Amino acid sequence: MERTTTPAGAGGTSRWHPGALHRRVRGRWVALSMAAVLVAGGALGGPVLASALHRAGHHHHHRSGGVTAVEVATAHTGTATAQLALSGMVVPKASVDLSPAASGRVTAVGVTTGETVRPGQIIAVVRSPLSTAQLAAAQAAVATAEGKLQAAVSGPTPQTVAVARATAAKAQATLAADRTAYHDTQVATASSQRAGVVAAQQALAKATATLAAATTAARDAGVATAIGQRANVVAAQQGLAKAEATLTAAEAAAQAARTTAAAGQQAGVVAAQEGLAKAQATLAAADTAAQDAQASVAASQQAGVVAAQESLTKAQATLAAAETGEQDAQTAAAASQQAQLAAAQGAVAKAQSGMVQAQASLAAAQATLQSVESDAGESSADADSGGSDAAAVSGAQQGLAVAQADLSAAQAAMQAAESQLSQAQSPSSSSVDQAAAAVAQAQLGVQAAQSQLTQAQSPPPSATVAQALAAVTQAQLGVQAAKTQLTEAQAPSPSPAAQAQAAVVQAQLGVQAAQSQLDEARSPGPPATMAQAQAAVTQARLGVQAATTQLDQARSAQPGAVDQARSAVAEAGAAVTLAQAQLAATLAPPAPATVLPASDAVAQAQAAANVVAAEAEQGVIAAPFAGTVVAVPAVVGESAGPGTPLATLEARQLTVQAPLAQQDLGLVRPGQPATITVPGAPATVSATVTAVAPAGTAGSLSFTVTLTPTSDPAWLLAGESTSLTITTHTAAAVVLVPATAIVAITGTPQVFVVTSTHTVHLVGVRPGISDGATTAVTGLAAGSRVVTLGQTYLAAGDRVRVTGTVAVPATVTGSTVAGLANATLVAPSAPAGPTKGGKGGGRGGGKGGGAGGGGAGG
């Protein structure tokens, strides 16, 4: 449709042609689109807005016959680089206030303000009297150790060799004399000791045989006594039976006499006779019980004797074992004493060797000191050699002090060894004492067993036997009473009854005598032979004890003369060994074993001196790095300590620090390249981002970023202001188009793409890095032809005629189009204006232009 216009003054009328209406609507939409682009933040910049105004004013020149004339550009891949511009300040990389590690007085100041220093250059010196004295002592110790090393390397003097040979010869002579004396003493003492031991052993054997004989005799006497006692009991029992038989016969005769004499008293006699029979039966039973009790006691007595004899045998065996253990303990104690004595003698010999060496070292040190002092006196007139002579004298004095200390240590070792030898010569005899105690305990056991045997061989009458004997006596009294009753009942005639009664009384007396004899046989007293046998056993046991004691004394007799002679031989041998070793060491060339310790002592003394020197060097304040001295508050002669600044040093190497806005914090990271520009400088300086502060600056929303220059030009000075360009992102093989090709027909970034049929269609894109003329996009294929001019009145599907082609650069360097990438544009019918999307160019946009930037970056 075309719009036709008639001037009003001519009376014409205005009307809308359908084509004109279409163009009017398009014009309004274009105006709304331009407003949307402006509200979105002008992210495409002035060129896009200028191009749009250009197209709005000149569209009628490019449209003819329904075909729109356009200019195009071919999208192609290239490289896009995003940069961030900042302003900064040149500052030194390091700045330090130098102060001493220890308190002292400033003795020197070696720099001035503004001076350029190198690493290690001395700034100032602080010294303390204590460190100076310690350093002097350490150096003196080094000199002493070097003197000892020199003495070890130079070897012995002829005088030292002569003394060592004389000492060895004298020790050999002493050893030969002591060996002869030891042999003679050993032979004499061994012969005497052997005779005493043999005599004691013979006495012990004799006493042991006597004890065995006495024990056998005592046992035989006890057996004989028991046999005799048993025979007496049997004889007494037979006599008792005979007396009872006689009593029975006498009673029968009396009964017969009474029967014939008094027939009228038959009933009483019968009753009396029954009582008598009953009493006699009781007597017989009591007598049988008494015999059984006596037999039981005899059997028990025999068992006790056997058990006591077994106990005695066991105790004697224990005594023999204890005596053997005591002998073994004495032998072991003697061997242990000998070993301890040998060890102590070796320790004494070693201590004597150390003392001799220490004495020799002391003599050598004294001789050295005398020689050095003599040389110093002779050269006292020489002024140049005064310092070396004093050092030599000092070294010799220190060597003498060391030798005296070594001699004191050797004397202490000698005292300790002699104490050990004294203890070894009088050892403890705990094991021997224990064995002797065991022998005494075994002897007591033998005595107890012998006492038990004596008691078993003569035991007291038991209660059972006494009761049985009492029952027999009671039964006899009953028999007598029954007989009396019988006599009274019978009342015989005087002559036969008297005779019969006399016979009964006589028989009763016989029974009593037999019973007394039986009692005496059952409880006999100890026979004289048994007592003699027991006394012989005791006497023999005492003899064994005395012989054992005598043997122990003979065995434990310490040959004092032999020990003294042996000690003398050992001491002489140690002296010979020591003298020979000293002579060999004197004649031998300096051995590594002698030189190496002296060399090690020198190294140790030097190391200690180095430590003291290092501690003294703590007072030497040196430059830790190359730089410029900006302040020197130190003054010579004043006191200074830790924390007291002596000088302020700034590093020659410079850095650049710049504030970084919060919204750009995500764009910068260490390692990114940058360019430093100083106003009026002859050139720019390349740099690298080295740090981003982890915390923001107080009172602001900025973070400090630090850049380090890759070179150090002389014209770059601390305190200068600079302009910085940081390359935040570089993407290869991204699609590049002219910025004028990007439109917002539907409210989002798009481009018109020309097809092979000369029509156009819209393709949505996401802008990324842009320099204002060229923009990196995603969503578009490389090789596409996009409309850069004439797209104002285009709609999807329109036919176009290409009238020109715009070239697209291969690279683009600029910032990201974050605002346009995140804004949502509205259609013409909706209210114009953008909506806030994300942070709109903040941290998200910086990481690649929002969504679009990320796409452009590949």
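Here are some worked exercises on the protein shown above.

A word on the ground rules first. This is a predicted model, in which local features need pLDDT of at least 70, side-chain atom pairs count only at pLDDT 80 or more, and totals for chains, interfaces and linings use all residues. Residues are numbered from 1 along each chain as its sequence is written, and side-chain values use heavy atoms, with hydrogens and water left out.

**Exercise 1. Take stock of the whole protein.**

Step 1: Begin with secondary structure. The protein has 15 helices and 23 strands; these are DSSP runs numbered from the N terminus, with helices being H or I over at least four residues and strands E over at least two.

Step 2: Turn to burial. Of the 858 residues, 35% count as buried. Here buried means under 20% relative accessible area, exposed means over 50%, and partly exposed lies in between, with a 1.4 Å probe and protein chains only.

Step 3: Look at the surface. The protein exposes about 43,400 Å², and carbon and sulfur atoms supply 59% of that (areas come from the Shrake-Rupley method with a 1.4 Å probe; for residues, only the protein chains shown count as cover).

Step 4: Finish with contacts, meaning heavy atoms within 4.5 Å. Among contacts with a separation of 6 or more, 82% are between residues 24 or more positions apart.

**Exercise 2. Work out the open sheet that contains strand 5.**

Step 1: Set out the order. Four strands form this open sheet in the order 8-7-5-10, with antiparallel pairing. Two strands pair if DSSP finds at least two bridges between them.

Step 2: Find the edges. Strand 8 (620-622) and strand 10 (639-640) each have a single partner strand, so one side of each is left without a neighbour in the sheet.

Step 3: Walk across the pairs. Strand 7 (residues 122-127) and strand 8 are joined by three bridges, and Ala 124 has Ile 621 as its bridge partner in strand 8. Between strand 5 and strand 7 there are four bridges, with Val 126 in strand 7 as the partner of Val 106. Strand 5 (residues 104-109) also has two bridges to strand 10, where Ser 639 is the partner of Arg 105.

**Exercise 3. Do the same for the sheet that contains strand 9.**

Step 1: Four strands form an open antiparallel sheet in the order 4-11-9-6.

Step 2: Its edge strands are strand 4 (95-98) and strand 6 (116-117), each of which pairs on one side only.

Step 3: Strand 6 is joined to strand 9 (residues 627-631) by two bridges, and Thr 116 has Thr 628 in strand 9 as its bridge partner.

**Exercise 4. Describe the surroundings of strand 20.**

Step 1: Check burial. In strand 20 (residues 774-778), five of five residues are buried.

Step 2: Sort the directions. In a regular strand the side chains alternate between the two faces of the sheet. Here Thr 774, Ala 776 and Thr 778 point one way, while Thr 775 and Val 777 point the other way.

Step 3: Identify the partners. Strand 16 (residues 721-738) runs antiparallel to strand 20 and is joined to strand 20 by four bridges; Val 737 has Thr 775 as its partner. Strand 19 (residues 766-770) is antiparallel to strand 20 as well, over three bridges, and Pro 767 stands opposite Val 777.

Step 4: Inspect the turn. Strand 19 and strand 20 form a hairpin with three residues between them, and Gly 772 in the turn has a positive phi of about 100 degrees.

**Exercise 5. Examine the helices through three residues.**

Step 1: Start with Glu 323 in helix 5 (residues 266-378). Glu 323 is buried at a relative accessible area of 14%. Leaving aside neighbours within four places in sequence, Glu 323 contacts Val 439, Val 544 and Thr 548.

Step 2: Move to Val 479. In the largest nonpolar core, which has 30 residues, Leu 247 and Val 479 touch the most other members (a nonpolar core is a set of buried Ala, Val, Leu, Ile, Met, Phe, Trp, Tyr and Cys residues joined through side-chain atoms within 4.5 Å). Helix 4 (158-261), helix 5, helix 8 (463-490) and helix 9 (494-522) each supply at least two residues of this core.

Step 3: End with Ala 235, found in helix 4. Ala 235 counts as partly exposed, at 41% relative accessibility. Ala 235 and Ala 514 are 279 residues apart in sequence, yet 9.4 Å apart in space, C-alpha to C-alpha.
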